[in-house]
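Work through the exercises below with the model open. Try each task before reading its solution.

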Amino acid sequence: MEVALEDNNLMEKVLPPDEQEIDVELEAKEKKYLRGEGANLESLKDKKLKTQLASREKLYGKSAKAAAKIEKWLLPASAGYLETEGLEKTWRIKQTDIAKEVDLLSSRNQYDIVLPDFGPYKLDFTASGRHMLAGGRKGHLALVDMMNMNLIKEIHVRETVRDVAFLHNDQFFAAAQKKYSYIYARDGTELHCLKERGPVARLRFLKNHFLLASVNKIGQLHYQDVTYGDMVASIRTGKGRTDVMEVNPYNGVVALGHSGGTVTMWKPTSQAPLVQMQCHPGPVSAVAFHPNGHLMATSGKERKVKIWDLRKFEEVQTIHGFHAKTLSFSQKGLLAAGTGSFVQVLGDSSGGGHSRYMSHPMVKGYQVEKVMFRPYEDVLGIGHSMGWSSVLIPGSGEPNFDSWVANPFETSKQRREKEVHLLLDKLPPETIMLDPSKIGAMRPSRRKEKPTRGEIEAEKEVAIEAAKSVEMKKKTKGRNKPSKRTKKKKELVENAKKTFPELEEKNIAGKKRRIGEDAAAELPTSLKRFARKN
Amino acid sequence: MQTYTKVFLCGTWGQYYPVTFCISSTYFRFKRHVFSSQCLFPSRGEIVSSWTNSLVVIYWFIAPVWDLDQIFDESSFSLIGESITSLIVEYHLRTNRTWMFCVVGVFPWLVRHDSLLSPISSSKESLVLWNKRRNLKPPWLWGLIWTSYSFKNLIWTIVSSLRQGDWVTSLLDNRRKDGLVMRRHVVEDDEIATKHVISCSGSVWNGQRCNRWIVPPDLLSDEWCWITMDDSQTQDHIRPRTTTIENVSESVYSAIELGSIVLLFLYHHVQLKNVFVVCFYSAHLKQHKSKLHHLSKTSQSLGIKTISRSVDEFTRERSQDLQRVFHNFDPSLRPMEKAVEYQRALTAAKLEKIFARPFVGAMDGHRDGISCMAKNPNYLKGIFSASMDGDIRLWDIATRRTVCQFPGHQGAVRGLTVSTDGNVLVSCGTDCNVRLWSVPRPSLEDSDLSSEKSTEVPSAVYTCKNALLAVDHQFEGDLFATAGAQLDIWNHNRSQPVQSFTSGSHSVISVRFNPGEPDILATSSGDNHISIYDIRMSSAARKILMRTKTNSIAWNPMEPMNFTAANEDGNCYSFDGRKNEEAKCVHKDHVSAVMDIDFSPTGREFVTGSYDRSVRIFPYNGGHSREIYHTKRMQRVFCVKYSSDATYVISGSDDTNLRLWKAKASEQLGVILPREQKKHEYNEAVKNRYKHLPEIKRIVRHRHLPKPIYKAKAESRAMNDAKRRKDERRKAHSAPGTVVTESHRTRRIIKEVE
């Protein structure tokens, strides 16, 4: 036995390579849960605060570690994937091939619903992906339970339906119709007629804020609080009519795409746009946001799809060759684009930008109106002119749902409870801002650290010296006169001085106050007689 | 967190030992009828778990007993049951639920040929394991199984280490007398693969749930078999990706050589799906050894997995079950979480204000102002109070009624204290008497006590020369001290003081024994002194001279070197008893003299009662009060006490009433469900996180003050500001260093006398 014991001890000392790998993996996961860097405690002078914050940071670290471990070990399901061997390409795999390989439950998610009379169809899913709302252009509204493919309610409003949107759960939905938009209950009863907004082109619901945002035909953006019906904001965008509107789920900012190629971002508390980006030379046809809020995809009519980094407002990638009528990001970051009768899914598998992942050609003549990934499922919903379809896109959805965030298996009791909690946690419209992590943080002091006068002067000296010591190029005959050279040099020095305008101005202002007569010289002639004479 | 996994392992072994294991998080049991008929004796159940990224290892050991007369033992049921639960616990904690590795070892041969023989001893490691089965730390390296059993002269040990690439299994046995023989075999990972022989789920096995595995009864009669099963949560489609059988480990063969049967349950994750592998090795496997090697692997070309959730997996089975809850802590699922959290903090702060109802009730009965109170250290519900007319009462806090009345003193009672054992009540008053009362025992039927107001007679009366102003009992001793013209130390049994201390012409106002050192006490006297005495010495050990009188002193029960003095100037001063030249903290908020002070038993807070008709609660290290309690009817507060469970505060005031307050104004009293408790904790945490933000700070800090206090505060603030301004100006206009601003902590202290 002793031999064995020794052996055991020996084995304890060696850390298996397997374990090291796990450590590395866990560390990477931890980073996600730490939500950014910890506070810099070194600069703190208050010892008590320092220890308090240090212990809190430690707690954050611990909880991040626990969460990472939970993610590693305890999550019940793993993400879907599509792997090919050898020369096979993922985008060559057809839905029929997939159908053969997947289990029955998944293959049930491949279908086409052909409704040729009332299309094209717009789609919307609830946050849990359990329910789908389809709105046909010619007035057909259908609410479907996706779990058991049950048609809950189907109504015909007998007028144009431009867009549909679920409110906070499957109990209510809004439809933008010919003249007004309406809110319906799950059983198809009309609850409200929203007359204030005019003929609405696009409707979006901001979940955390309970705001129903809409843009109407004359380019006005409206925010209405659905809890008490107040119009929170009505903004004239002044960019003309548009039907490209999307909400950034990360911060609740609404983006509009305009015919001039600009994308503007709005919040309800200001009349001016937060951001105005010139994304395309021609009209913007679609906008979509990555769920983490850092990526935006836009499509222009000039057959380009661009992906933008919203932290720097910089273009990350341009995909040439097609324009998308509709774009949609999945929870795992796949980008679906619908053009004509063709749906393409782009994926960022290698980290080097989005590239082809899967494609799905519809029957010729079908016009794709809207693509939307079903949350928590590997399913892409496609609304088109002949009804709607659903295809499998492995690896698009988040495999593990959180019962308290969005539960596809929610019971009615849980739903009611959830509704109350949602209302309790309802955010005021002021919380919509570009960087929502600023909420609850300290505002940095307004006062900038101004360099002292001496420092500015020293800097100026250096700049002037540098300007003086610039070697002049030898120019051709006639242009190399000493007078011209000195003039040029003087100019350089002047320019160097000009970069420190504050100092100059201050000097002048000081002089002015002392002398007082220059002020008279600057007055308009009609007022000169009132200037003080001395 | 609960994951609801059901693993049904049903093994039928020949004709004789049907063994059924049901492992489930909701319930577990051995099918009783099976056991009772076959009389299996599960002697050892071992759970050996490994923390590798892929496997939990369960070692299950069963020795059958052939004696048919033996009745199955209940304790072994529970033993097994417990081990199963612990299996589930570990299973939850450590692994992704799709990973499991299970070894089942059965040793019939030993039983058959060496008569009835169960393992005599198992090695130390497994014993440790058994004892610490709820301990979460595995006592060995991750990925290593170490089990050993001895049968008479045989030690059977399997050392298996599971790593990515290899699976090393060693067998030690001392069957031969020449010592231990170790055999080691390395198996490549892909060698441990599966063979899809029978699908035991769903479609094949009459619509059972696929996570229920049933081993066909003819399996073991076939001598060996491999089964793979699918756990992809779908009933209908089982497509194992690889189909291979290789030799798993030599240990198995060695075990076979011994004549034993080893059942191996492997839960192996292959690329496509989770496949459950059950490997049966029987004793007669030898001749089939070669067969094992022949099976080769095949694989399919396309690797696809999609999310598919069967409703059964995610919903409860029966309406009595709890709803299943799944968590995913990914921040990207919760956009704007910080804003939401801030909103919750705001709501929590508002709710706290709404639920702030601190006043529980008043206890009236005295006919004059309450002068002093005493807690019964031995009985939570009892509190003694005494009034200016000489009446002493014992109250029951729960019913808020007088339980017992003591005839008391001729004049005002000024001091009241209870011995640490809670048997003797000592009172003193202006009639120069010290009276000792025996405290009535609290009976089980409280209603009896409260209905009949019993009156007691003093067990002893001691008289001294001067009026007495305070009394306090020693902790864990039978001495008590009275304060009057002098400080007297008394014994319960003597009519004369044991010891007396005199200092100056002024009387001693208050006295308090140190809770840590029984011989040390602190007093305050009319000549503005705070003195610390050691009763083993003849004079005061230390004295602090302050500008104003100290009305009462309380020692911090958790840090017994620190005490807090309630001063006439409306402030409380916390001192370190060892370092008296400056106060550790000045607690300001009262606008009039602080009359009494009492520490919470937690030592983190203290309560003060003041002449300004309010009661305040201060943190022990905070400059300002956290709470103010007042009512329109409450007059000058003369005495306050913190209840011994730190949940209530009792104040006695001039209006002849005792008042009962909650220590935390918005605390929910009564039984709190765990979920409520969690919610309260969460609210507290978010409030604490955002407490520095102006909106929340304002709500949390705001207290309504009665008009006189509000005005007095404003006035004193104006005065203080003016004074500070004046001092600043004086300082600015005098030569540097001539005017020294004294800190608040030393301003009111004149000097410290050794």
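**Exercise 1. Backbone exceptions in loops**

Task: In which loop of chain A is A:Pro120 found?

Solution. A:Pro120 sits in the loop between strand 2 (111-114) and strand 3 (121-125) of chain A. Strands here are DSSP runs of E with at least two residues, helices are runs of H or I with at least four, and both are numbered from the N terminus. Now check the bond before the proline. The peptide bond from A:Gly119 to A:Pro120 is cis, with omega near -10°. Most peptide bonds are trans, and most residues other than glycine have a negative phi.

Before going on, fix the conventions: this is a predicted model, in which local features need pLDDT of at least 70, side-chain atom pairs count only at pLDDT 80 or more, and totals for chains, interfaces and linings use all residues. Residues are numbered from 1 along each chain as its sequence is written, chains are lettered from A and ligands numbered from 1 in the order in which they are written, and side-chain values use heavy atoms, with hydrogens and water left out.

Task: Where does A:Met149 lie, and what is its phi?

Solution. Locate A:Met149 in the loop between strand 5 (140-145) and strand 6 (150-156) of chain A. Its phi is positive, about 50°, although A:Met149 is not a glycine. Next, take the relative accessibility of A:Met149: 37%, so the residue counts as partly exposed. The classes are buried (under 20% relative accessible area), exposed (over 50%) and partly exposed in between, using a 1.4 Å probe and protein chains only.

Task: Repeat the analysis for B:Arg613.

Solution. B:Arg613 belongs to the loop between strand 40 (605-610) and strand 41 (615-619) of chain B. Its phi is near 70°, positive in a residue other than glycine. With a relative accessible area of 30%, B:Arg613 is partly exposed.

**Exercise 2. A methionine in a strand**

Task: Is A:Met296 buried or exposed?

Solution. Start with the element: A:Met296 lies in strand 20 (residues 295-300) of chain A. Its relative accessibility is 0%, so A:Met296 counts as buried. Then list the neighbours. Beyond four places in sequence, A:Met296 is in contact (heavy atoms within 4.5 Å) with residues including A:Val263, A:Met277, A:Phe289, A:Trp308 and A:Phe329. Finally, take one pair. A:Met296 and A:Phe329 are 33 residues apart along the chain, and their C-alpha atoms are separated by 9.1 Å.

**Exercise 3. Two partners of helix 8**

Task: At what angle do helix 8 and helix 11 of chain B pack?

Solution. Two packed helices are described by the angle between their axes and the distance between the axes. Helix 8 (residues 337-354) and helix 11 (residues 694-701) of chain B pack at about 15°, with axes 9 Å apart. Axes are lines fitted to C-alpha atoms, for helices over the stretch in contact, and angles run from 0 to 180 degrees between N-to-C directions. Helix 8 and helix 11 of chain B are therefore roughly parallel. Cut-offs: under 35 degrees is roughly parallel, over 145 roughly antiparallel, 65 to 115 roughly perpendicular, the rest oblique. Residues of helix 8 of chain B, among them B:Tyr342 and B:Leu346, meet B:Glu695, B:Ile696, B:Ile699 and B:Val700 in helix 11 of chain B. By class, this contact of helix 8 with helix 11 of chain B has seven nonpolar, no polar and four charged residues. Ala, Val, Leu, Ile, Met, Phe, Trp, Tyr, Cys and Pro count as nonpolar, Asp, Glu, Lys and Arg as charged, and the others, Gly among them, as polar.

Task: Now treat helix 8 and helix 10 of chain B.

Solution. The axes of helix 8 and helix 10 (residues 674-689) of chain B come within 8 Å and cross at roughly 110°. These two helices of chain B, 8 and 10, are therefore roughly perpendicular. The contact of helix 8 with helix 10 of chain B divides into five nonpolar, one polar and five charged residues.

Task: Which residues does B:Arg344 contact beyond four places in sequence?

Solution. B:Arg344 is in helix 8 of chain B. Its contacts beyond four places in sequence are A:Asp425, B:Tyr682 and B:Val686. At a relative accessible area of 28%, B:Arg344 is partly exposed.
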